[in-house]
Amino acid sequence: MMATFICFVGHDFMRIVDGINYWKGKEVIDDIFLVQDRKKDKYGHASRFNAKELQKVLTFAGKEPYIISVNPQSYEDVFSVMYSVVRREVEDLGRRVYIDATSTTKEAYGAVVTVALMFQGVRLYIVPPAERGWYVPDVNSPEFQSWFNKVRSVRGLQPQEIFLPGFRLEKLSYEEEKVLMILDGKGGGADSIKTLIKWYGEDPRDSRVKNKFSRLINKLVSKGLLVEDTGARAKAIRLTDFGRVYAKALRYHYTQKRKDETAPYPAI
């Protein structure tokens, strides 16, 4: 079975190369995706520079790695892109997927862990440094106390929760996926199942249709993707936080599929 490697690119260079060289002796690598930081700051600059250099170094058998861009500080952005890439590689191409999370942010790491839990045959790895803390001044040096005080006094922003699915390794039906995408396109919820059925394009007066949608909603609620709010007249439904992120990833995935079904992978 062929394998696809997805490597996040930050400041590290040789550790990513070392990781690929290790796996080359164990797997038949078909494709490599380099995930660079698209932000216009010093971290993005370093990431894009390294990605271009890695693209040269990791070209073998005449095959050049693909470069895709994300905002590694956005869990939602990383999740959407990774979900689409991993789903295509696993489901459409039948490949094993390895994700190198050595050189990325905590937000991106949380996103790739979540994606990895959702598909069979996905493995996540890091390449530890041969020398730890090389950038930290020696504890007995005059620079250490100044460096230590600066590092420990850096303030934090508002915490970002890493939204996890209420289910593991269970593929949704297309009907369930469509419900999520419709709700996401309508602001994240519906005031009743009747409204959802209309948006879906079916007849809410048909008892069979109503029963089908009741089952769909119950499944999505049990999987942690929807919640029901009981009101005075009707039962409203809305996406959970993870349901919203998952719905956006689904919409992104199907948009990419429609763009070009024949290309190795459309530009992002």
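This is a short walk through one predicted protein model, from the whole chain down to a few residues.

Okay, let's start with the big picture. The chain has 268 residues, and 46% of them count as buried. In secondary structure we get nine helices and eight strands. If you lay the C-alpha trace along its principal axes, the span is about 75 × 50 × 30 Å. The accessible surface adds up to about 14900 Å², and carbon and sulfur atoms account for 51% of that. One more overall number: take the contacts between residues at least 6 apart in sequence, and 70% of those join residues at least 24 apart.

Now, the inside. Which residues have the most contacts within the largest nonpolar core? They are F79, M82, V179, L180 and Y246, in a core of 54 residues. Helix α3, residues 75-92, is the top contributor here, giving nine residues to that core. There's also another core, apart from this one, with 17 residues, including A3, L34, L58 and Y98.

Let me stay with M82 for a second. Leaving out residues up to four places away in sequence, M82 touches I6, F8, V35, I68, V112 and V115. I68 from that list sits in strand β3, residues 66-70. Is I68 buried or exposed? Buried, with a relative accessible area of just 2%, and the cut-off for buried is under 20%. I68 also has D37 at 8.8 Å, C-alpha to C-alpha, although the two are 31 residues apart along the chain.

V35, also on M82's list, brings us to V9. Find V9 in the loop between β1 (2-8) and α1 (14-24). It's a loop residue, but V9 is buried, at 4% relative accessible area. V9 and V35 are 26 residues apart in sequence, yet their C-alphas are 5.8 Å apart in space. And what does V9 touch, not counting residues up to four places away in sequence? The set is I16, L34, V35, Q36, D37, S47, N50, A51, L54 and S103. So you'll see D37 again there, as a contact of V9.

Next, helix packing, and I want to focus on α6. In general, two packed helices are described by the angle between their axes and the distance between the axes. Take α6 (residues 174-185) with α9 (residues 241-259): the angle is about 105° and the axes are 9 Å apart. That makes α6 roughly perpendicular to α9, since 65 to 115 degrees is the range for that label. On the α6 side the contact involves Y174, E177, L180, M181, D184 and G185, and on the α9 side R244, Y246, A247, K248, L250, R251 and Y254. Sorted by class, that contact has seven nonpolar, one polar and five charged residues. Notice L180 and Y246 in there; both were among the residues with the most contacts in the largest core.

The other α6 partner I'd like to show is α8, residues 207-222. Here α6 and α8 pack at about 80°, with 10 Å between the axes. So this pair is roughly perpendicular too. From α6 we have E175, E176, V179 and L180, and they meet K212, F213, L216, I217, K219 and L220 in α8. By class, this contact has six nonpolar and four charged residues, with no polar ones. L180 is in this contact, and it was in the α9 contact as well.

Let me finish with two residues that aren't buried. F148 is in helix α5, residues 142-152. It's an aromatic, but F148 comes out partly exposed, at 35% relative accessible area. F148 and P137 are eleven residues apart in sequence, and their C-alphas are 8.9 Å apart in space.

The other residue is K235, which is in strand β8, residues 235-239. K235 is partly exposed as well, with a relative accessible area of 38%. Where are its contacts, beyond residues up to four places away in sequence? K235 touches D191, S192, I193, E228, D229 and T230. If you want a feel for distance across the model, the C-alphas of K235 and K52 are separated by 52 Å, with their positions 183 residues apart along the chain.

Technical notes:
Residues numbered from 1 in each chain as written. Predicted model: local features only at pLDDT ≥ 70, side-chain atom pairs only at ≥ 80, totals over all residues. Heavy atoms only, no water. Helix = DSSP H or I, 4+ residues; strand = E, 2+ residues; numbered from the N terminus. Buried < 20%, exposed > 50% of the residue type's maximum accessible area, 1.4 Å probe, protein only. Contact = heavy atoms within 4.5 Å. Core = buried A, V, L, I, M, F, W, Y, C linked by side-chain atoms within 4.5 Å. Axes fitted to C-alpha atoms, helices over the stretch in contact; angles between N-to-C directions. Parallel < 35°, antiparallel > 145°, perpendicular 65-115°, else oblique. Nonpolar A, V, L, I, M, F, W, Y, C, P; charged D, E, K, R; others polar. Areas by Shrake-Rupley, 256 points an atom, 1.4 Å probe, with all protein chains shown as cover.
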